[in-house]
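Student: Please take one part of this model and look at it closely. I would like the charged contacts, and then whatever pocket the chain offers.

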Amino acid sequence: PDEPWREQFPAWSSAFLPARRGFRALLPAGFVPRSPTAAGLRALLVHDGQNLFDADGINGGWGLDEALAAEGITDVAVLAVDNAVDRITAYTHTPDELPNDGTTLGGSAEAYSSLVHQEALPWFRARYGLVAAGDSLAVMGSSLGGLVTLYMAMAHPDEQGCVMAMSSTVGWGAFGPTRPGDQALAR
């Protein structure tokens, strides 16, 4: 009961994007699903879920669990959606060209947003009894995850009460030499 509760759900199939991706949850110590306490928790939905808690994750992992524990934060449920092979396409709102080889990718941020708000969050709410909407929901991401976080805030401002977009790739849409750049969030 003194340790946070972790769950991992691999290979979620979405109606919005073809690549399967996992879900993860980190819940406070003593968490009881579908309880009045669960309904009172704040929810933090984070992209790139496989990087959040594993020290062997990309760039050494985020250590989000350790950061919450170090700050004594006990009223937050962390809900995570793993990325998949389509990360660049799923996390970007407009096509662009990769600088190294000119490959054009991107443009499925709305589909990913639908996956988050119409599939992942309802599933987490039903499983755990969380509100995880409006002011009780924060959404966070880094790099392209930060870009899709900003996109979600701009396209659907009432879905979440707070966003944290770190090192966001706001120039996406203006990298390729044939792109006009008018769709880049930096504009």
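Student: What relative accessibility does Arg-127 have, and what does it count as?

Tutor: Arg-127 counts as partly exposed, at 32% relative accessibility. The cut-offs are under 20% relative accessible area for buried and over 50% for exposed, with partly exposed in between (1.4 Å probe, protein chains only). The model is predicted, so local features need pLDDT of at least 70 and side-chain atom pairs count only at pLDDT 80 or more, while totals for chains, interfaces and linings use all residues. Residues are numbered from 1 along each chain as its sequence is written, and side-chain values use heavy atoms, leaving out hydrogens and water.

Now the partner. Arg-127 meets Glu-7 in a salt bridge, 2.9 Å from N to O. That term requires a side-chain nitrogen of Lys or Arg within 4 Å of a carboxyl oxygen of Asp or Glu. The two residues are 120 apart along the chain: Arg-127 sits in helix H4 (residues 109-128), Glu-7 in strand E1. Helices (H or I, at least four residues) and strands (E, at least two) are DSSP runs, numbered from the N terminus. Glu-7 is buried, at 18% relative accessibility.

Side chains of opposite charge can pair when their charged atoms come close. The structure holds seven salt bridges. Among them is Arg-6 with Asp-65, with 2.3 Å between the closest N and O atoms. This pair ties strand E1 (residues 5-12), home of Arg-6, to helix H2 (residues 64-70), home of Asp-65, across 59 residues. Asp-65 is buried at 13% relative accessible area, whereas Arg-6 is partly exposed at 46%.

Arg-42 and Asp-75 form another, at 2.7 Å between closest N and O. Here Arg-42 lies in strand E3 (residues 42-47) and Asp-75 in the loop between H2 and strand E4 (76-81), 33 residues apart. Both are partly exposed: Arg-42 at 43%, Asp-75 at 32%.

Next, the pocket. The largest one holds about 250 Å³ of space. Its lining counts 17 residues, and Pro-4, Pro-28, Leu-68, Ala-69 and Ile-73 are the closest to its centre. Strand E2 (21-27), H2 and E4 each give two or more residues to that lining. H2 supplies the largest share, four residues. On a 1 Å grid over the protein atoms alone, a pocket is an open set of points where a 1.4 Å probe fits, with protein on both sides within 12 Å along at least five of seven lines; lining residues have an atom within 4 Å of a point. Points join across faces, edges and corners, and the volume is the space filled by probe spheres set on them.
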